[in-house]
Amino acid sequence: TLDRGAGSLDSIDRLIVPFGHNFNGSNIRVRAADDSGITTNVATILATTAVASTAKIDLALTSNAQRYVRIDWPTSPSTAYEIPELVYTATLTPTIGPEPDWLDMIVHNTQSFETPSGEVASVSRGPDRRVFEFVYRFVSVSADRAIFELVDSECGTAKPFYLDPPFDSESSICVKMTEDMERGQDRDAKGASSAPVRAYRLALAEHLA
């Protein structure tokens, strides 16, 4: 049971459980309420759902902002389940997409040593990582700018967040910014409007933890 604290709370609409759980083949549900016992103003934000045999869970929740949230397994309560990490979050989607030809590549975590004879020995230091670079131009909608500003202020280069890559067929990826987010003015006629029109550049790398 998660106590989200008192006062006004941001709504959550998504549940992510990364690799390492043992839910496969089980039924889960998520409920929210005003009390920790989940008895007052109870809302089922994820109906009983069978978890497929997959290593990662990423499910939509009914948007909710109540204080207490509980995940449980109503059909097999005696099973000992293991949860490496549990993420309740909200999806923020700008109305504008990134500029074409964005960077999306694999960086190999390899360290190489060259001997005096010229021979090279290479050692894999860890998993490969996916790296992105996105540029957003002419961001004039205030709600769009607020999304970028929130990512910059809340995460910066210190904290990871989940990214949905531009193609809807891809699953979410936990990433961190590898450089400070670049932000600039992006209007041909600078005095044409009193509202800012921004350009943003984000350099991201898959977060391994």
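## Reading a predicted fold

Student: Which residue follows helix 1, and what is the sign of its phi?

Tutor: Gly156 follows helix 1, and its phi is positive, near 55°. Helices (H or I, at least four residues) and strands (E, at least two) are DSSP runs, numbered from the N terminus. This is a predicted model: local features need pLDDT of at least 70, side-chain atom pairs count only at pLDDT 80 or more, and totals for chains, interfaces and linings use all residues. Residues are numbered from 1 along each chain as its sequence is written, and side-chain values use heavy atoms, with hydrogens and water left out.

Student: What span should helix 1 have at 1.5 Å a residue?

Tutor: The expected span is 1.5 Å times one less than the number of residues. Helix 1 covers residues 142–154, 13 in number, so 18 Å is expected. Its end C-alpha atoms are 18 Å apart, which agrees.

Student: Which residues of helix 1 are buried?

Tutor: Buried means under 20% relative accessible area, exposed over 50%, partly exposed in between (1.4 Å probe, protein chains only). Asp144, Arg145, Ile147, Phe148 and Val151 are buried. They cover an arc of only 155° around the axis, so they lie on the same side of helix 1. That arc is taken from the directions from the helix axis to the C-beta atoms. Ser142 and Ser153 are exposed, on the face turned away from the buried side.

Student: Which strands do the buried residues of helix 1 pack against?

Tutor: Contact means heavy atoms within 4.5 Å. The partners are strand 11 (129–139), strand 12 (161–163), strand 13 (173–177) and strand 15 (198–206).

Student: What is the strand order of the open sheet of four strands?

Tutor: Strands of a sheet pair through backbone hydrogen bonds, either parallel or antiparallel. Two strands pair here if DSSP finds at least two bridges between them. The order is 1-6-3-4, with antiparallel pairing. Strand 1 (2–3) and strand 4 (43–50) each have a single partner strand, so one side of each lacks a neighbour in the sheet. Strand 3 (residues 27–33) and strand 6 (residues 68–72) are joined by five bridges. Ala32 stands opposite Val69 in strand 6.

Student: Which residues touch the most other members of the largest nonpolar core?

Tutor: A nonpolar core is a set of buried Ala, Val, Leu, Ile, Met, Phe, Trp, Tyr and Cys residues joined through side-chain atoms within 4.5 Å. The largest has 17 residues; Leu15, Phe23, Ile28, Val30, Leu61 and Tyr88 touch the most other members. Another core, of 16 residues, lies apart from it and includes Phe134, Tyr136, Phe148 and Cys155.
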